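Student: I would like a close look at one part of this protein. Please take me through it step by step.

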Amino acid sequence: MLPLVYHPSYSFPLPANHRFPVGKYLRLKEGLAEDLAAVAHRYFSAEPDPLYPAHWHCPDYVQGFLSQSLPATMARRIGFPMSDQLIERTLAANKGTLLCAELALDHGLALHLSGGYHHAHYAQGGGFCIFNDLAMAAQTLVDQGKARRVLVFDCDVHQGDGTATMLAQHPDCISVSVHAQRNYPARKPDSDLDVALPEGLTDQPYLDAVTDALDLALRYYQPDLVLYDAGVDIHADDELGHFKVSSQGLLHRDRLVLSRCLAKDIPVAAVIGGGYQRDLQGVVNLHRLLFKAAAELAP
Ligand SMILES: [Zn+2]
């Protein structure tokens with residue numbers, strides 16, 4: 001059985017022409033009904049929980065967000081207009097990644113139809129990220145003794161700067177980021193391992209870099225859980241990402257990451273991460289590849 005995490009709040013109303021493709025979550029769930037028709041799967045939801053980010057992020061920042069009273073500069077860095085729906089969606093999606101990780105520990109593999117808010121730092125958000133679902137889930141599971149060491153393996157085209165800073169002091173929460181050197185953020189704080197790649201990268205050199213980084217991280221850190229950010233903004237059609245990876249290359253990446261972890265009996269929780277195209281269906285079709293790979297490999 002392949003566990004999936006989703007909440008109806010994920011696609012929430014944004015002003016017309018907002019750059020963030022917020023409709024992709026619902027559209028993805030609809031597409032998966034067909035893709036996963038022959039695969040045993042089940043949906044789970046996490047309910048919004050304001051105490052969860054309050055435990056891991058700066059109390060003033062969390063309170064400012066929940067009361068919609070963040071300073072304008074901080075709200076602008078995040079990039080969303082503040083609203084009740086944004087709060088509900090943020091809280092549900094953050095807890096959703098933790099739920100996905102718990103399901104992965106039980107079932108070997110679990111997927112979240114959201115997540116990957118890797119630009120969120122302890123006391124500020126950025127780049128459409130408010131609270132850092134990956135860093136919070138890793139710390140929670142290690143703190144609770146459910147995992148001994150968690151690897152956040154981030155293949156979004158953007159570097160996981162927030163994850164890097166939030167996990168910097170945690171020897172058992174490891175951050176690895178494989179990203180485009182010239183993409184956002186301009187300032188890239190050190191992850192435990194950063195693989196910064198040149199723009200214009202095509203399938204084979206990209207897949208070689210991902211394979212090398214993953215093999216090194218699994219061998220060196222020996223995690224007992226992997227949180228995989230499967231951002232699709234590495235694709236050639238992405239309007240923000242600087243790589244030129246094809247759809248076939250993207251599918252190969254997801255297959256190789258999932259299969260290498262599962263071959264070592266390491267559970268994987270995957271989140272969909274970023275993907276930016278005005279053609280919403282184009283982005284959704286790329287996110288569907290992660291689920292295709294998972295359906296082939298589900299234990
Ligand atoms: Zn991204």
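Student: At the start of helix 9, which backbone nitrogen does a side-chain oxygen of Ser246 reach?

Tutor: That of Gln248. The model is predicted. In it, the Ser246 side-chain oxygen comes to within 3.4 Å of the Gln248 backbone nitrogen, at the start of helix 9.

Now follow the helix. Helix 9 runs over 247–263. It has 17 residues. From first C-alpha to last it reaches 24 Å, close to the 24 Å expected at 1.5 Å a residue. Just after helix 9, Asp265 adopts a positive phi of about 60°.

Next, its packing. The buried residues of helix 9 are Gly249, Leu250, Leu251, Arg253, Asp254, Leu256, Val257, Leu258, Cys261 and Leu262. Their cover includes strands 3, 4, 7 and 8. It also includes helix 8 (203–221) and helix 10 (280–297).

Strands 4 and 7 lead to the zinc ion. Its protein donors are two OD atoms of Asp156, ND1 of His158 and an OD of Asp233. They lie 1.9 to 2.8 Å from the zinc ion. Along the chain, the donors follow the spacing D-x1-H-x74-D. His158 sits in the loop between strand 4 (150–154) and helix 7 (161–166), and Asp233 in the loop between strand 7 (225–229) and helix 9, so the pair ties together parts that are 75 residues apart in sequence. Both His158 and Asp233 are buried.

Last, the geometry. The four donor atoms subtend angles of 52 to 152° around the zinc ion, which makes the arrangement irregular. For four tetrahedral donors, the ideal angle is 109.5 degrees.

Conventions: Residues are numbered from 1 along each chain as its sequence is written. This is a predicted model: local features need pLDDT of at least 70, side-chain atom pairs count only at pLDDT 80 or more; totals for chains, interfaces and linings use all residues. Side-chain values use heavy atoms; hydrogens and water are left out. Donors are N, O and S atoms within 2.8 Å of the metal (3.2 Å for Na, K and Ca); water is not among the atoms, so sites may look incomplete. Four donors count as tetrahedral if all angles lie between 85 and 135 degrees; four count as square planar and six as octahedral if opposite donors are over 155 degrees apart and all others between 65 and 115; anything else is irregular. Helices (H or I, at least four residues) and strands (E, at least two) are DSSP runs, numbered from the N terminus. Buried means under 20% relative accessible area, exposed over 50%, partly exposed in between (1.4 Å probe, protein chains only). The expected span of a helix is 1.5 Å times one less than its number of residues. Contact means heavy atoms within 4.5 Å. A polar contact is a pair of N or O atoms within 3.5 Å; within protein, one must be able to donate a hydrogen and the other to accept it, and residues adjacent in sequence count only if both atoms are side-chain atoms.
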